[in-house]
Amino acid sequence: MKVKTLLMGAAAASVMAPAAMAERGADGHVNIIYWQAPSIMTPYLSGGTKDIEAASLVIEPLGRYDQDGNLVPYLAAEIPTVENGGVSEDLTSITWKLKEGLLWSDGSPVTSADVAFTAEYCMHPEGGCAQFAKFDGVESIETPDDMTVVVTFATPKPNPYGPFMGGQSPIIQKAQFQDCLGARAPECTEANFNPIGTGPFVVDEFRPNDVISLSANPNYRDPAKPAFATATLKGGGDATAAGRAVLETGEFDYAWNLQLAPEVLAKMAEGGKGTPVSAFGTLVERIEMNLTNPSPDLPADTRATVAEPHPILSDMKVRKALSMAIDRDLLVEIGYGQAGRPTCNLVPAPELYASPNTDCLTQDMEGAKALLEEAGWTDSDGDGVRDKDGMTLSLLYQTSTNAVRQDFQAIIKQWWEELGVEVELRNIDASVFFGGDPGSPDTFQKFYADVEMYANNFDGTDPQSYLAMYRCGNEPKPSSQWQGENINRFCDPAYDALADELAQTGSLDERGRIAKQMNEMLTKDTYTIVPLVDRGRVSAHSNTLGGVVLNTWDSELWNAADWYRIQE
């Protein structure tokens, strides 16, 4: 893990030089399209990438990760380390110093009280914060003065950069959110849709699952930025339309996450209006196995916990058989081409944390059938579908609406049906699926299906907080407004013990060993998570948009303040 005191490396800085010489707002308007429409402007009430990234235009953390995974200061004067005295020698505390003169977009000063309140907001026991794992192990937060925040951990924290670091853990204004603690958090619509921030833009109008209109923050800390006076983030549609809008028609300047077949993307690029950009990080397309009974006949609390285990998928042999039937090389070929790699890991990078496990990479249909036979699932009536004790081996398989994901669903359904599994497919609008609306039955958090497929990743280069998501008790449930990160409701005290050990281990080699073990507990040891493809992030920008630096370690919009218009 490296720390940089400058925002960017020299090469990237030279690319952005024209923006630095411009006046704020001199380049007019910029159009951004996210085919998964944002539903809310705070990562604390949604784990959806599209919400986290939209919010990053407005609210910021103390520090971010740059395009190489290095730690860089944003609201902080510098990244605290043991060497500069910001991290205690015993690794039990980290002291952050704010930059001088920071203002919220409403003109009021940013103080340490706002930082401390952010932790209080996310750690509230009745809140169900979607980023709670970021604050794992925090014992106290003190503010000795308006510019200083001291975070103390219950035990030594070799990686103390969970709280307030990266796009998933930004600072929110105490004055705006102080009446929104705990169970009241989702009720604060005005604050959740229109947060007061420190970022380059402010929200002028937020239409959930549709469009966000923004304008330059008049109190942004760099008087020359952002170069754009206004911005539109249009949501919805599909990846195909988003790609065309940048690469073929030039209607938009930036398109996020072009999850398209490689030949489709190449054909679009011939349009000449824009440029695809790509990079690998930690984004893994995977299938999550529901360990709870999703029957609509059960009360919501029961469907949210393993109090009522899944009648089929509680058997690890069934989960393993479903994984063995998948040809991951073919999935990469039809879905991603050079922008994908088959994987058996939930954490595919950095190399230090990536398990050498390759067991899943060879499709084994006969072995999968034998495993189902061993588990007692046979086709007793010859109808082509296995059954056991009067129950049919039938699964509801859901994901978000996207051409590549529907291709994956179709071919995986075919493989599973060859095993004798009856498969029903469901696809849900991505804005709803990833939206986190506690009133919707169709969110990935509620998981009202047997298996579901999606991708997410962690910011930065250390997977500690990411792996901690699967702790016992971190499942989405009614009492947490259906927020939580343990989507499949996995619970193993031995796993929790490893999470505790990882949080206290300083040796990088040991951290790698523990993380690999945790990854394997979720994947090859239990098949609770079935990784499919290590996805390279592919986005596109117009040929007239300068300053874009694709970042797979943080929000893609992390440096929107540095974007500018190239004059033709």
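The following exchange covers nonpolar cores and salt bridges in a predicted model.

Student: Which helix gives the most residues to the largest nonpolar core?

Tutor: The largest nonpolar core holds 127 residues, and W96, I287, I412, W416, L532 and W563 touch the most other members. The helix that gives the most to this core spans residues 403-419 and supplies 7 residues. That helix is α13.

Student: How many residues are in the second, separate core?

Tutor: Among the members of this second core are V347, F458, Y495 and M518. The core is separate, and its residue count is 22.

Student: Is E285, the salt-bridge partner of R535, buried or exposed?

Tutor: The closest N and O atoms of R535 and E285 are 2.8 Å apart. The pair joins strand β18 (residues 529-542), which holds R535, to strand β11 (residues 274-289), which holds E285, across 250 residues. R535 has a relative accessible area of 3%. Buried means under 20%, so E285, at 0% relative accessibility, is buried.

Student: Which residue pairs with E501 in a salt bridge, and in which helix does that partner lie?

Tutor: E501 lies in helix α16 (residues 493-504), and its partner is 12 residues away. E501 is partly exposed at 33%, and R513 is partly exposed at 35%. The N to O distance is 3.3 Å. The partner is R513, in helix α17 (residues 508-522).

Student: Which residues are linked with R207 and D210 in a network of salt bridges?

Tutor: R207 and D210 meet at 3.5 Å, N to O. R207 has a relative accessible area of 39%, and D210 has 24%. The other residues in their network are E205 and K234.

How values were computed
Residues are numbered from 1 along each chain as its sequence is written. This is a predicted model: local features need pLDDT of at least 70, side-chain atom pairs count only at pLDDT 80 or more; totals for chains, interfaces and linings use all residues. Side-chain values use heavy atoms; hydrogens and water are left out. A nonpolar core is a set of buried Ala, Val, Leu, Ile, Met, Phe, Trp, Tyr and Cys residues joined through side-chain atoms within 4.5 Å. Buried means under 20% relative accessible area, exposed over 50%, partly exposed in between (1.4 Å probe, protein chains only). Helices (H or I, at least four residues) and strands (E, at least two) are DSSP runs, numbered from the N terminus. A salt bridge is a side-chain nitrogen of Lys or Arg within 4 Å of a carboxyl oxygen of Asp or Glu.
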